[in-house]
Amino acid sequence: MRKGLKATSVLLVFIASATISLHPLYPRSIEAAPSLVLKNEVYVPDPPTKRTHLYELQLLIVRLEEFGDGGGAIEPLGDKVLVVTPRGRIAVIGADGEISYLPQEVPMFASPPDRPITWVGFRVADILLKETAPEAFTLFVSHHYLAGDCVEFRVSSTELNAEDGEIVVSGDWKTEFTANPCVDQELFESWEGEIPKTGGGIQAGGKMLMDGPEHLLVAVGDHAWYEWHEYQEEGDPATPPVVDPDSHLGKLVRIELATREVRIVATGFRNPQGLARDNEGNLWLTEHGPQGGDELNLVKPGLDYGWPYATYGILYGNRAWPYNENQGQHEGFEEPIFSWIPSIAISNLIVSDSPQLPLWRGDLLAGSLASGSLFRIRLRQDRVTSFERIVLGERIRDITQLDDGRIVLLTDSAKIIYLRRAPIYCHMDNDSKSIFTYDADEVCVDVLSAVGETEDPKIRALSELDIGTPRMRSYFQVYIHENLLVYLRIPCSAHEFRNRFFLHITPVDAEDVSEELRDFGFNVYDFYSYDEGIGRAMFEGGCFVVRDLPEYAYKHIYTGQVIREESPDGEVFWKGPVWEGSYTFGPESVGAAPDEVSVSPALPQEEASDSGAALFTTYCAGCHSLTDEHSVGPHLEGVIGRRAGEAEGFNASAALATLDLVWTQESLADYVEDPTRFAPGTSMAKTGVTAEEARKIAEFLAWDR
Ligand code: HEC
């Protein structure tokens, strides 16, 4: 059967897709070819990808030597990443993923410790690089330091040189800041048999941020004041260190680097984990609450953020926080901008500025330990207007961003994870018909070479044009490239068409899009949102990329081009397809070169997938849509649980209504297998499905889409 593009002969199904707004600002800097040939074995060979709301990310993972419990930090250093482990080892990850450990270590002991360390709280909290000359830096490290019985919280510094790509750390350490007071090493000590272990140091916070060239901000944790008070009977709840103006605990302090003079900027923090300044100059601080109540705070000088007298958290295993005057409230102190309940154990945050991820620009990206996720937080006028949780399954300790736009994470499992925009598998072929590339799970259709264009695409998103209804737009994958209308669709009616993607490349004038084309292409007989099965498609760097095609064993793409012509008396008609091509791929062709393109109307007959979704496409979708629009038969969106014959707005036969039943998977399968036997007089005829196929279709219809 010829796949004509005449409106009358096409039953169309359109791909559901989120509206991805691609506009002329869309960067073309993303690699056009995969650069997955990784030099270094430390990379996981098959980088996993992570689909997020706006981007497909690829994860490249470098494993460090085990470093025990969490802590430590990372900083960008050109295309390298500097790491300091929780126990003070310094390493550099090269651009190729190679790890080199430097001989210097962060000084953490005044003298060799006479007892073991628990390392749960006692550790390196953060690092920061300040450029002092080209390729020369001061490396600041915030960390614990054991001096006698006292666990000090310190910021130390040393000089780092990055000349000729070789990283050299001088290893002469200076003490920039020592928090007052130190805590007793016996607080939270644990025991190894008879031997006590140094325990002090938990809830140290310790994130740093430059405040102009001369000042360093340090967010110091309260070092578990509540816990030492409550469980170790230390201190007075009326005067926790956080309210003591001479104490640095629970405060954001500002150190003048030249004089080492310390000023308190803001107070009332429990365990600060992240500090970042946004493009408007706002200072953001994340902190851990007790149980629940992790906070995102907008820090202003002189203000008190409430700890330990106001928090949305509660005592572990309790319903209240003992020092909240009004339970469940945060009154009397600065409110957080956002608070997570239950707590996610938020960690460091950055302001996203990645050239690879322009739609994330200005958003805060915060790590989280407990939820194993990255949070993308959108701010507008100092409010959180939305956030996206990106589950990575790792405790994310620190986060930074490289100049090329990669986001880098440090995890408690001693991994460095590079997140970048998933590369595009695309190659161009001189044969204008061979426009497909298939690699991994992606199909790339080089639209431009198909139509013989060489110019950079100026692709406008359909959303900018007034085509169809918003609902229609959400089903189409349509872009306008100059005078080309490109849209992807999948037909649903006939056997021969099943599981095939249709990409039509249709030259039109922009005005036509709303006029003739609406009749031609958009007055479709049937819409069928089929997002689970189809995958997603988008323009990336001049290629039309289809990803995530999980449902079918075999996939088929058909393309064609029709030409718009005008008769002398001004009548517009469409001729074509002037050429068409099709490409089938499936398990055998994975990784192989693309099949040759058949410029013939005969589509190869491939095996059908027998999933419920595919069976529905084959046997039912010609008459039933899964949106709320009726066609030959009533729409089947939410049909399981609906009363038979009572689809609103559809004039069903009395045979269905008199069944007097609510569709279940079982009854629907029985009906579909043999409609007239089940409901004598119904106007739906037998479709030829077997009992087993009917059961699969019913199961598919029961999905919660
Ligand atoms: C040739 C068109 C056609 C095909 C193909 C078709 N149906 Fe129908 N279907 C109808 C019509 C028309 C009705 C309304 C029947 C009536 O009013 O008696 C209907 C009714 C139904 C109903 C009852 C809906 C309700 O609201 O009570 C279900 C369920 C159903 N079809 C499922 C299927 C499934 C599943 C398939 C595929 C195996 C399928 N149909 C294939 C035309 C079709």
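**Close-ups of the ligand site**

**View 1. Polar contacts of the ligand.** A polar backbone atom of G645 sits 2.7 Å from an oxygen atom of the ligand, a polar contact here being a pair of N or O atoms within 3.5 Å. Side chains join in too: an N or O atom of S653 is 2.5 Å from a ligand oxygen, and one of T682 is 2.6 Å from a ligand oxygen. Keep in mind that this is a predicted model, where local features need pLDDT of at least 70, side-chain atom pairs count only at pLDDT 80 or more, and totals for chains, interfaces and linings use all residues. Residues are numbered from 1 along each chain as its sequence is written, and side-chain values use heavy atoms, with hydrogens and water left out.

**View 2. The iron atom.** From the protein, H624 (NE2) and M684 (SD) act as donors to the ligand's iron atom, 2.0 Å from it; donors are N, O and S atoms within 2.8 Å of the metal (3.2 Å for Na, K and Ca). The six donor atoms subtend angles of 87 to 179°, so the arrangement is octahedral (six donors, opposite ones over 155 degrees apart and all others between 65 and 115). H624 lies in the loop between α7 (612–619) and α8 (654–657), and M684 in the loop between α10 (675–678) and α11 (691–702), so the pair ties together parts 60 residues apart in sequence.

**View 3. The shell around the ligand.** Among 24 residues around the ligand, C620, C623, H624, S653 and M684 come nearest; a residue belongs here if one of its heavy atoms lies within 4 Å.

How values were computed:
Four donors count as tetrahedral if all angles lie between 85 and 135 degrees; four count as square planar and six as octahedral if opposite donors are over 155 degrees apart and all others between 65 and 115; anything else is irregular. Helices (H or I, at least four residues) and strands (E, at least two) are DSSP runs, numbered from the N terminus. A polar contact is a pair of N or O atoms within 3.5 Å; within protein, one must be able to donate a hydrogen and the other to accept it, and residues adjacent in sequence count only if both atoms are side-chain atoms.
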